[in-house]
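Trainee: Could you walk me through this structure? I'd like to start with the helices.

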Amino acid sequence: MASRKQRTLIKNAHVISPDLDLRRANVMLEGAKIALVTQEDVPSAGFGTVVDLRGKYLVPGFIDVHLHGASGFDVCDATPEAIEKIAEAKLAEGCTSFLPTTLTVANSTLKAAAKAVAAYKKNERFAKVIGIHLEGPFINPACCGAQNPAFVRKPNMREVLAISAISPVKMVSFAPEMPGGAEFAEACLANGIVPSCGHTGATFAQLLPAYDKGLRHLTHFCNQMTKLHHREIGVVGAGFLLDDLNTEVICDRIHLCDDMLRLVFWKRDLAHVQMITDSLRCSHCPDGYEFEMGGLKVALKNGEARLVEGGNLAGSTLWLNKGLKNLAEVTGLPLKDLVRVTSWNQAIELGLGRKLGKVEKGFIADLAVLDPKTFDVCAVFVEGEQRI
Ligand SMILES: [Zn+2]
């Protein structure tokens with residue numbers, strides 16, 4: 001007899017999914033998929049595993065499209081161990097899929113990082129990798145932030161494809177005002193890669209040629225991009241004027257102040273907002289931790305990771321579950337609206353919107369269980385398997 005699919009019953013869940021808020025729900029998992037979400041009674045007989053959530057939140061597993069590291073490891077360490085440790089830390093935040101994100105570094109380092117990602121993908125024990133996000137190296141040298149200007153180069157699709165041949169690249173953050181920027185955006189899309197405008201000094205007019213070619217994503221909105229001025233609205237203005245731009249938002253209440261978070265979440269279409277962490281290797285590490293990033297020294301002080309020289313913010317230490325808590329507190333919006341921006345929007349943009357990002361029949365059972373008061377992660381399921 002053929003082996004039967006693993007069947008799990010998750011009882012008494014407070015299910016929160018895009019446009020759905022269902023208390024006292026029972027969720028049936030069959031193999032890797034969600035087989036049923038119901039408020040009807042489901043007898044426990046016949047299930048291999050029964051989990052009683054006692055009213056805790058059951059949300060779609062978070063998808064982080066922009067993160068560099070955690071637990072003392074960085075994607076650009078370019079070792080399989082680094083990717084695995086990062087995946088383990090992300091899983092502890094309720095993250096079930098992510099895009100390991102590289103820095104502006106040498107081509108050889110990017111290729112080595114892609115090899116490390118490919119090695120982890122052979123045995124994804126923790127959070128799953130959807131693909132690589134290259135942040136740079138094709139950025140504006142005047143808008144490096146914490147990226148090392150020594151490694152900045154012009155947009156080059158051949159370089160991207162060579163890396164992608166080692167392990168698939170799904171997103172590239174670049175400055176569209178760089179020579180060939182609009183054509184680069186078009187070439188990315190032709191290869192199934194999301195082009196994203198970031199580390200950019202583009203005027204609104206300079207962004208438009210890439211937008212016209214299909215660019216629809218902004219890297220860490222407001223950070224390292226041209227600000228909104230009343231006679232030149234810049235890329236920040238573009239984010240408000242062009243509602244179909246998918247804006248990444250670091251929800252740590254440091255990279256964007258609470259009023260900007262409210263401005264984004266109250267005034268923009270939430271179908272085009274994505275929570276990211278942009279977390280660095282110091283995430284999940286104690287205060288006082290010091291490290292190098294792309295050749296630049298960074299120190300962690302009071303939860304803020306800043307360059308030792310110049311003091312630029314270098315990225316965040318944010319955990320995804322805390323990001324959702326921040327959003328709920330700052331915006332006051334219902335969780336069934338906010339969970340759009342933590343998973344489903346990302347899934348849609350990456351072509352996985354029919355599989356990931358919802359607690360709904362037929363979707364992959366990538367799920368996080370959160371404490372309703374603290375938002376602490378109590379359990380995580382990846383493809384139906386409880387991994388925390
Ligand atoms: Zn970043």
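**Helices and loops**

Trainee: What covers the buried residues of H7?
Mentor: The cover includes strand S15 (246-250), strand S16 (273-276) and helix H8 (320-331). Helices (H or I, at least four residues) and strands (E, at least two) are DSSP runs, numbered from the N terminus. Cover here rests on contact: C-beta atoms of two residues, placed from the backbone, within 7 Å.

Trainee: Anything to know about the model itself?
Mentor: This is a predicted model: local features need pLDDT of at least 70, side-chain atom pairs count only at pLDDT 80 or more, and totals for chains, interfaces and linings use all residues. Residues are numbered from 1 along each chain as its sequence is written.

Trainee: Back to H7, then. Which of its residues are buried?
Mentor: In H7, residues 258-267, the buried ones are Leu-261, Val-264 and Phe-265. Looking down the axis of H7, you find its buried residues within an arc of 85°, so they line one face of the helix. The arc is taken from the directions from the helix axis to the C-beta atoms. Buried means 20 or more other C-beta atoms within 10 Å of a residue's own, exposed means 12 or fewer, and partly exposed is in between, with C-beta atoms placed from the backbone.

Trainee: And what is exposed on the other side of H7?
Mentor: There you have Asp-259, Trp-266 and Lys-267.

Trainee: Let's switch to H3. Which residues of H3 are buried?
Mentor: Val-160, Ile-163 and Ser-164. They fall within an arc of 100° down the axis of H3, so they line one face of that helix. Arg-158 and Ala-165 are exposed on the face turned away from the buried side of H3. Among what covers the buried residues are H2, strand S11 (132-135) and strand S12 (169-174).

Trainee: You mentioned H2. At what angle do H2 and H3 pack?
Mentor: H2 and H3 (residues 157-166) pack at about 25°, and their axes are 8 Å apart. Axes are lines fitted to C-alpha atoms, for helices over the stretch in contact, and angles run from 0 to 180 degrees between N-to-C directions. H2 and H3 are therefore roughly parallel to each other. The cut-offs are under 35 degrees for roughly parallel, over 145 for roughly antiparallel, 65 to 115 for roughly perpendicular, and oblique for the rest.

Trainee: Which residues make that contact between H2 and H3?
Mentor: From H2 come Asn-107, Leu-110, Lys-111, Ala-114, Lys-115 and Ala-118, while H3 offers Glu-159, Ile-163 and Ile-166. By type, the contact of H2 with H3 has 5 nonpolar, 1 polar and 3 charged residues. Here Ala, Val, Leu, Ile, Met, Phe, Trp, Tyr, Cys and Pro count as nonpolar, Asp, Glu, Lys and Arg as charged, and the others, Gly among them, as polar.

Trainee: How about H1 and H2, what is their angle?
Mentor: H1 (residues 80-92) and H2 (residues 107-121) pack at about 60°, with 8 Å between their axes. That angle is why H1 and H2 count as oblique to each other. Their contact uses Pro-80, Ala-82, Ile-83, Glu-84 and Ala-87 of H1, together with Ala-116, Val-117, Ala-119 and Tyr-120 of H2. The residues of this H1 and H2 contact are 8 nonpolar, no polar and 1 charged.

Trainee: New topic: which residues of H5 are buried?
Mentor: In H5 (residues 204-212), Gln-206, Leu-207 and Ala-210 are buried. Their arc is 95° seen down the axis of H5, so they line one face of the helix. Ala-205 and Asp-212 are exposed on the other side of H5. The buried residues of H5 pack against helix H4 (181-190), strand S13 (194-197) and helix H6 (234-241).

Trainee: What follows H5?
Mentor: Gly-214, with a positive phi near 115°.

Trainee: Where is Asp-19?
Mentor: Asp-19 sits in the loop between strand S1 (7-17) and strand S2 (20-30). Its phi is positive, about 65°, although Asp-19 is not a glycine. Asp-19 has 12 C-beta neighbours inside 10 Å, so it counts as exposed.

Trainee: Last one: which residues does a cis peptide bond join?
Mentor: Gly-136 and Pro-137, with omega about 10°. Pro-137 is in the loop between S11 and H3.
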